[in-house]
Amino acid sequence: IRYLFDTKALRMAKHSGRLSVEFAQRCYRCFLSQAPTREAGEIKRRESTVLNKFDDAFTRYTNHPDFGLLLLRLTFGILMLFHGVAKVSHGVDWISAMLEAKGLPGFIAQGVYIGEIVTPVLIILGWLTRPAAFIYAFNILVATLLVGTDKFFTLTKVGAWGLESEALYFLGGLCIMLLGAGKYSLSGNKH
């Protein structure tokens, strides 16, 4: 039976059309998982260990990617909304002044409402999630370039990177953009 699954037999089965390629590959992978391995000069069968069994069981009970996407969306959306509410409460005049000091028009500061109110709400709801997450990440990038460039090569008192929060929000936005909303969303699709 060992020779049935070697690569030459696979090629022959593929060309003769008696076995599907997928079936032959599955059989070969199964054979490899059961094949003996050499360890410390002795032949030893691969066996599932207690840790492998634990990992399999843990994965079986925690494999919920759509719920993970919902949790990711809620986390980053709600945390950014706090920043947006602060901008609504205290205004964006200080951002406008900072932009003008850098030679940019001050009205661009109004875009912070889109980046910190509208896009987090869209991300939370799971509607237009990918474009909203792109704008969310772009908003963080612009904010970091305005106020955080001096912290790029610094560490905090506890040893964290000076731009840790900004990087977390930026990469969270990119992850949401790349992963999409999942099925627990207004769009209700997996893509």
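S96 is buried, with a relative accessible area of 16%. The cut-off for buried is under 20%, so S96 qualifies. This is a predicted model, so please hear every value as computed from that prediction. S96 sits in helix α5, residues 93-101. What does S96 touch, once residues up to four places away in sequence are not counted? Two residues: G106 and A109. Take G106. S96 and G106 are 10 residues apart in sequence. In space, C-alpha to C-alpha, they are 4.3 Å apart. Keep A109 in mind as well. That residue comes back later.

Now the overall layout. The protein has 191 residues, and 28% of them count as buried. How many helices and strands are there? The count is 8 helices and 2 strands. From the N terminus, the order is α-α-β-β-α-α-α-α-α-α. Next, contacts between residues at least 6 apart in sequence. Of these, 56% join residues at least 24 apart.

On to helix packing. Start with α7 and α8. Helix α7 covers residues 129-147, and helix α8 covers residues 164-179. They pack at an angle of about 160°, and their axes are 8 Å apart. That angle makes α7 roughly antiparallel to α8, because anything over 145 degrees falls in that class. The crossing of α7 past α8 is left-handed.

Who meets whom? On the α7 side we have T129, R130, A133, F134, Y136, A137, I140, L141 and T144. On the α8 side, the partners are E166, Y169, F170, G173, L174, I176, M177, L178 and L179. By class, this contact has 13 nonpolar, 3 polar and 2 charged residues.

Look at T144 for a moment. This threonine lies in α7. Is T144 buried or exposed? At 14% relative accessibility, T144 counts as buried. Leave aside the neighbours within four places in sequence. T144 is then in contact with T149, L163 and E166. E166 is also one of the α8 residues in the interface I just listed.

Second pair: α4 and α8. Here the packing angle is about 140°, with the axes 10 Å apart. That makes α4 oblique to α8. The crossing is again left-handed, with α4 passing α8. From α4, the residues are L69, L72, R73, F76, L79, M80 and H83. They meet L168, Y169, G172, C175, I176 and L179 in α8. This contact divides into 10 nonpolar, 2 polar and 1 charged.

Y169 appears in the contact with α7, and Y169 appears in the contact with α4. So which residues does Y169 contact, leaving aside neighbours within four places in sequence? They are F76, L79, M80, H83, Y136 and I140.

That takes us to the cores. A general point first. In soluble globular proteins, nonpolar side chains tend to be buried together. Here, the largest nonpolar core has 10 residues. They are F76, M80, L122, I123, A132, A133, Y136, I140, Y169 and I176. Which helices supply at least two residues each? α4, residues 65-90; α6, residues 111-125; and then α7 and α8. The largest share, 4 residues, comes from α7. There is also a second, separate core of 7 residues. Its members include V92, I95, A109 and L146. So A109, which S96 touches, belongs to that second core.

Back to the side of α6. T119 is found in that helix. T119 is buried, with a relative accessible area of 2%. Beyond its neighbours within four places in sequence, T119 is in contact with I114, A132, I135 and Y136. A132 and Y136 are both in the largest nonpolar core.

Last stop: the loop between α6 and α7, where L128 has its place. What is the phi of L128? Positive, at about 55°, although L128 is not a glycine. Most residues other than glycine have a negative phi. As for accessibility, L128 comes in at 45% and counts as partly exposed.

To recap. α7 is roughly antiparallel to α8, and α4 is oblique to α8. Y169 is in contact with residues including F76 and Y136. The largest nonpolar core draws at least two residues from each of α4, α6, α7 and α8. And L128 is the residue to look at for a positive phi.

Key
Residues numbered from 1 in each chain as written. Predicted model: local features only at pLDDT ≥ 70, side-chain atom pairs only at ≥ 80, totals over all residues. Heavy atoms only, no water. Axes fitted to C-alpha atoms, helices over the stretch in contact; angles between N-to-C directions. Parallel < 35°, antiparallel > 145°, perpendicular 65-115°, else oblique. Left-handed = near helix turned anticlockwise from the far one by under 90°. Contact = heavy atoms within 4.5 Å. Nonpolar A, V, L, I, M, F, W, Y, C, P; charged D, E, K, R; others polar. Core = buried A, V, L, I, M, F, W, Y, C linked by side-chain atoms within 4.5 Å. Buried < 20%, exposed > 50% of the residue type's maximum accessible area, 1.4 Å probe, protein only.
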